[in-house]
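Me: I am new to this one and would like a friendly tour. Could we go through it together, one question at a time?

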Amino acid sequence: MFRRLRRVTMTIRGQITIIILVALVTIVTMGDAVERWARKDLAAPDLENIAEKLNAIAELLGPASPEERQIILTNARRAKWDIELAPAATVSRFVGASSRQSFLDIAAARLFPPDNEPPIGGWQTFLDDRRVIAARVDDSTIVITSGFPDSMLSSAFLGRGPYYFVAFFVLIGFFFIFAIRAITEPIRRIAHAAGVSDITTGSPVFPEQGTIEIVALARALNGMRRRIGLMIEARTRMLRGIGHDLRTPLTRLKLRVERMEESARKDALLSDIDRIESLLVESLNYLRNDYATEMIELVDVASILQTVCSEFADIGHAVRYTGSNRLLARCRPLSITRAVSNLCDNAVKFSGKAEVTMVERPEAVMIVVEDDGPGIPRELRERVLEPFFKSDQSRAEGGFGLGLSIVADIIHSHQGTLELRQRTPRGLSVVLTIPK
């Protein structure tokens with residue numbers, strides 16, 4: 001029994017039911033306390049009681065003679081009643097609002113009218129801009145009383161208003177807290193964890209805790225992630241196996257070709273073999289995926305960029321670095337080296353030179369690699385980040401089109417951003433932003 005009850009309370013539906021029950025008890029308890037305090041400390045006219053007494057006075061005035069009516073009115077005025085007789089035609093001058101009424105007064109009167117039978121003209125009746133209650137004496141005469149405030153406070157408002165007031169704030173408060181703790185916050189954590197998670201790591205997307213519905217969602221995400229990881233691992237093993245198996249016959253083929261006599265055919269065969277080997281190396285480097293398992297360290301990013309530029313310059317390429325000489329940030333050093341090297345290699349291929357710039361931001365490090373080559377058309381800037389996609393320029397170089405894909409994966413593993421921008425008048429600017 002208790003186990004079943006506990007399971008029900010772990011569901012969103014069960015928690016909403018509990019909140020409603022607790023809210024009802026709170027509303028009744030607090031509403032009653034607020035009503036007693038309001039009736040005790042706040043002066044409010046009891047319109048129902050005034051109307052009942054005025055009807056009693058009207059019944060006395062009905063059969064009375066004119067002299068007796070004056071006696072009744074005089075005695076009523078001695079009892080602090082502001083009362084008078086008026087012709088029945090005065091009802092035509094009654095209006096339902098006053099120039100002195102505020103919006104709250106009107107709203108309270110509409111929302112909390114007295115429960116009893118309304119008097120002539122209704123509970124909201126004004127004559128010459130003063131609030132009145134009228135009762136019929138006979139066919140030609142009515143009795144009118146006034147002198148009570150026309151504010152929002154009334155016995156009807158104090159009787160039901162506290163419960164409405166308490167109910168509004170209690171329900172809003174309870175469901176606001178519930179929405180944050182049971183729904184909004186867990187879903188926000190799931191969205192954040194899914195956004196920064198890496199398929200190649202073994203950590204769960206989201207801890208399986210909370211309500212039954214949230215736990216079921218987390219388990220579904222974790223299960224989907226495991227299945228995707230298994231499919232990626234199987235694909236990677238297959239491609240690695242194919243690449244490894246192809247290298248042995250290629251090596252034998254290359255040795256046999258090298259034994260051939262010098263000729264144009266031999267040079268063409270060796271060129272084709274070298275190209276196939278370079279494509280295999282490019283594919284295996286992409287599948288190696290070592291940037292996902294490399295540990296994040298506090299390193300000097302400026303030193304990494306300077307080293308990359310120096311290595312390209314040493315072999316005759318016009319690659320220049322601009323930026324500070326020292327900047328510490330937490331990143332994967334080998335992965336950042338690989339990403340910037342790929343970008344510099346592309347820039348050198350298409351323009352013959354590259355400029356690497358580093359800019360420090362309060363929360364991030366910005367690395368910009370620029371060239372003055374043909375650039376990338378706007379409609380292809382997203383697709384060139386996909387593995388094995390090649391634009392016309394990269395296809396001419398004979399690559400698999402994995403350079404930018406590797407860079408995008410490395411930056412994603414750092415929870416950073418990669419942006420391709422067109423330079424003026426020509427060229428490409430690749431902007432890498434990495435959180436510190």
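Me: Thanks! How many of the eleven residues of helix 12 are buried?

Reply: A word first: this is a predicted model. Helix 12 covers residues 403-413 and is largely enclosed by the rest of the structure. Among its buried residues are Gly403, Leu404, Ile410 and Ser413. The number you asked for, out of eleven, is nine.

Me: Which residue just after helix 12 takes a positive phi?

Reply: Follow the chain past helix 12, whose buried residues include Ile411 and Ser413. Just after this helix comes a residue with a positive phi of about 55°. That residue is Gln415.

Me: Could we step back for a moment? How many helices and strands does the protein have?

Reply: Happily! The protein has 436 residues, and 39% of them count as buried. Taking contacts between residues at least 6 apart in sequence, 69% join residues at least 24 apart. As for the elements, there are twelve helices and twelve strands.

Me: In what order do the five strands of the open sheet lie?

Reply: The pairing in this sheet is mixed. Its edge strands, each pairing on one side only, are strand 7 (318-322) and strand 11 (417-422). Neighbouring strands are turned by 15° against each other on average, with direction ignored. Reading across the five strands, the order is 7-9-10-12-11.

Me: Which residue in strand 10 stands opposite Met358?

Reply: Here we look at strand 9 (residues 353-360) and strand 10 (residues 364-371). The two pair in the antiparallel sense over six bridges. Opposite Met358, in strand 10, stands Ile367.

Me: And which residue in strand 12 stands opposite Met366?

Reply: Strand 10 also pairs with strand 12, in the antiparallel sense and over eight bridges. Strand 12 (residues 428-435) is mostly covered, with six of its eight residues buried. In strand 12, the residue opposite Met366 is Thr433.

Me: What is the bridge partner of Arg421 in strand 12?

Reply: This takes us to strand 11 and strand 12, which pair in the antiparallel sense over six bridges. They form a hairpin with five residues between them. Gly427, in the turn, has a positive phi of about 120°. Within strand 12, the bridge partner of Arg421 is Ser429.

Me: Now for the helices that lie around. At about what angle does helix 9 run to strand 7?

Reply: Helix 9 spans residues 301-314. It lies across strand 7, strand 9 and strand 10. To strand 7, helix 9 runs at about 160°.

Me: Are helix 9 and helix 10 roughly parallel or oblique to each other?

Reply: Helix 9 and helix 10 (residues 333-351) pack at an angle of about 40°, with their axes 10 Å apart. Angles under 35 degrees would count as roughly parallel. The angle of about 40° is not under that cut-off. The two helices are therefore oblique.

Me: What handedness does their crossing have, and how many nonpolar residues are in the contact?

Reply: Helix 9 passes helix 10 in a right-handed crossing. On helix 9 the contact is made by Ile304, Leu305, Val308 and Phe312, and helix 10 contributes residues including Pro333, Ile336 and Val340. Besides two polar and one charged residues, the count of nonpolar ones is nine.

Me: Are helix 3 and helix 4 roughly parallel or roughly antiparallel to each other?

Reply: Helix 3 (residues 47-61) and helix 4 (residues 66-78) have their axes 10 Å apart and cross in a right-handed way. Ile57, Leu60 and Leu61 in helix 3 meet Arg69, Ile72 and Leu73 in helix 4. These contact residues divide into five nonpolar, no polar and one charged. The packing angle is about 155°, and the helices are therefore roughly antiparallel.

Me: One last stop: is Thr125 buried or exposed?

Reply: Thr125 sits in the loop between helix 5 (103-111) and strand 2 (126-127). Beyond its neighbours within four places in sequence, Thr125 is in contact with Phe94, Val95, Ile120, Arg130, Arg131 and Val132. Its C-alpha atom is separated by 9.9 Å from that of Arg93, 32 residues apart along the chain. With 1% relative accessibility, Thr125 counts as buried.

Notes: Residues numbered from 1 in each chain as written. Predicted model: local features only at pLDDT ≥ 70, side-chain atom pairs only at ≥ 80, totals over all residues. Heavy atoms only, no water. Axes fitted to C-alpha atoms, helices over the stretch in contact; angles between N-to-C directions. Helix = DSSP H or I, 4+ residues; strand = E, 2+ residues; numbered from the N terminus. Parallel < 35°, antiparallel > 145°, perpendicular 65-115°, else oblique. Left-handed = near helix turned anticlockwise from the far one by under 90°. Contact = heavy atoms within 4.5 Å. Nonpolar A, V, L, I, M, F, W, Y, C, P; charged D, E, K, R; others polar. Buried < 20%, exposed > 50% of the residue type's maximum accessible area, 1.4 Å probe, protein only. Pairing = 2+ DSSP bridges.
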